[in-house]
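Dear colleague,

I am handing over the structure below, and I would be glad if you could keep it open while you read the notes that follow.

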Number of protein chains: 2
Amino acid sequence: MPTRTKDRILDVTADLFRQYGFTGTGMKQIVAAANAPFGSLYHYFPGGKEELGVAVIHRSGEMYFELFETVVEAAPDLVSGVRDFFAGAALVLRDTDYADACPIATVALEVASRSEPLRQATAEVFESWVTRAAARLADHGVPDDRAREVAILIISALEGAFILCRASRTTEALDVAGAAATAAVRSALPDA
Amino acid sequence: MPTRTKDRILDVTADLFRQYGFTGTGMKQIVAAANAPFGSLYHYFPGGKEELGVAVIHRSGEMYFELFETVVEAAPDLVSGVRDFFAGAALVLRDTDYADACPIATVALEVASRSEPLRQATAEVFESWVTRAAARLADHGVPDDRAREVAILIISALEGAFILCRASRTTEALDVAGAAATAAVRSALPDA
């Protein structure tokens, strides 16, 4: 089924980007990992690796935010939800041998100075995370300006901690960032 | 002069890594930018790109921390110093068209799953930043455990903000992260 092939290409490319980045992931590697014919890759993504990259960034960004929403909604309150999300990220990172961090951060840094369509895709994903996390905070009574700041802080702390954790092969930075993000949310809430 | 050639190779490679990452930087590109003969690259770095990468990571990490110390020491107090450092990073980023962020973050993410010597070099640099920033906080009376946490938080927030800023081509995330880092230092100090 064609749609399944396309999804499989997107999924394996996301995995490869997470571990090796955009530049370090080859088209042959994608085709092999997706068990798809080479032609199907250019059939679905006539613009080649850049077009595939843009699609992967948007899809991964969407899936990652859905994961955040799922974790937050399963928690008894927003503060616990943010804490649980960082704790879950630390767990996943350790269980995947420090491979499975943010699906788009590596690509975002690599392509920022090189590909305008890819840079723009990463910018759109981060902005959608910020906007939607801020909206959730605003729903809980945090003023709009402050909500945006706290959202940016949560995402910055998470992304920066991923860098330190992948380098050190420990979850220490995620633990620290998670505690700080949780405290930031707690103190921003009107009933703090 | 040979030492100058070696330094020039290290400097241009650091610049290229900052913008394009490790994988995206080719040996030919390095030789051209350094205006050095190809042979001199393998003379100074017989282990090739990986050995050069390790040297660049250590050197860039050291220079970046020295910049931090210079900024902090020029400030009237530690809180202002941290605020100034983030403000300076934002200025440099904007002035370099969002190219000149952290010298090792891109490499750290790219190589974490691929090259053990490079991963280890990035881990050593981050650990040295954490240890030395924490020591500085401890000198101002912050208890050791808390000093380490605040140091990790400052570095995580800085690194994560760089990702968002390079993607969005705005300094908003650095402004937010800088305010949060400054507040974290202020509240950790014993006279807070």
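In this predicted model, helices α4(B) and α5(B) are oblique to each other, because the angle at which they pack is about 130° and angles that fall neither under 35 degrees, nor over 145, nor in the range 65 to 115 count as oblique. Helix α4 covers residues 48–74 of chain B and helix α5 covers residues 78–95 of chain B, and their axes lie 8 Å apart. The crossing that α4(B) makes with α5(B) is right-handed.

On the side of α4(B), the residues that take part are B:Phe68, B:Val71 and B:Val72, and they meet B:Leu78, B:Gly81, B:Asp84, B:Phe85 and B:Gly88 of α5(B). By character, the residues of this contact between α4(B) and α5(B) are five nonpolar, two polar and one charged.

Turning to how the chains are related, chain B is superposed on chain A by a rotation of 180° with 0.0 Å of shift along its axis, at an RMSD of 0.0 Å. That relation is the one given by a two-fold axis. The residue of chain B that comes closest to the rotation axis is B:Gly160, whose C-alpha is at 1.9 Å.

The contact between the chains takes 40 residues from chain B and 40 residues from chain A. The elements of chain B that give two or more residues to the side touching chain A are α1 (2–20), α6 (105–111), α7 (116–139), α8 (144–168) and α9, and the largest share of that side, 15 residues, comes from α8(B). The residues on the side of chain B that touches chain A divide into 22 nonpolar, 10 polar and eight charged. Since 100% of the interface residues of chain B are also interface residues in chain A, the copies meet through the same surface.

One pair of helices from the two chains can be described in more detail. Helix α8 of chain A (residues 144–168) packs with helix α9 of chain B (residues 172–188) at an angle of about 90°, and their axes are 9 Å apart, which means that α8(A) is roughly perpendicular to α9(B). In this contact, A:Glu149, A:Ile152, A:Leu153 and A:Ser156 of α8(A) meet B:Glu172, B:Ala173, B:Val176, B:Ala177 and B:Ala180 of α9(B). The residues of the contact of α8(A) with α9(B) comprise six nonpolar, one polar and two charged.

With kind regards

Definitions and conventions:
Residues numbered from 1 in each chain as written. Chains lettered and ligands numbered in written order. Predicted model: local features only at pLDDT ≥ 70, side-chain atom pairs only at ≥ 80, totals over all residues. Axes fitted to C-alpha atoms, helices over the stretch in contact; angles between N-to-C directions. Helix = DSSP H or I, 4+ residues; strand = E, 2+ residues; numbered from the N terminus. Contact = placed C-beta atoms within 7 Å. Nonpolar A, V, L, I, M, F, W, Y, C, P; charged D, E, K, R; others polar. Left-handed = near helix turned anticlockwise from the far one by under 90°. Least-squares fit on C-alpha atoms with pLDDT ≥ 70 in both.
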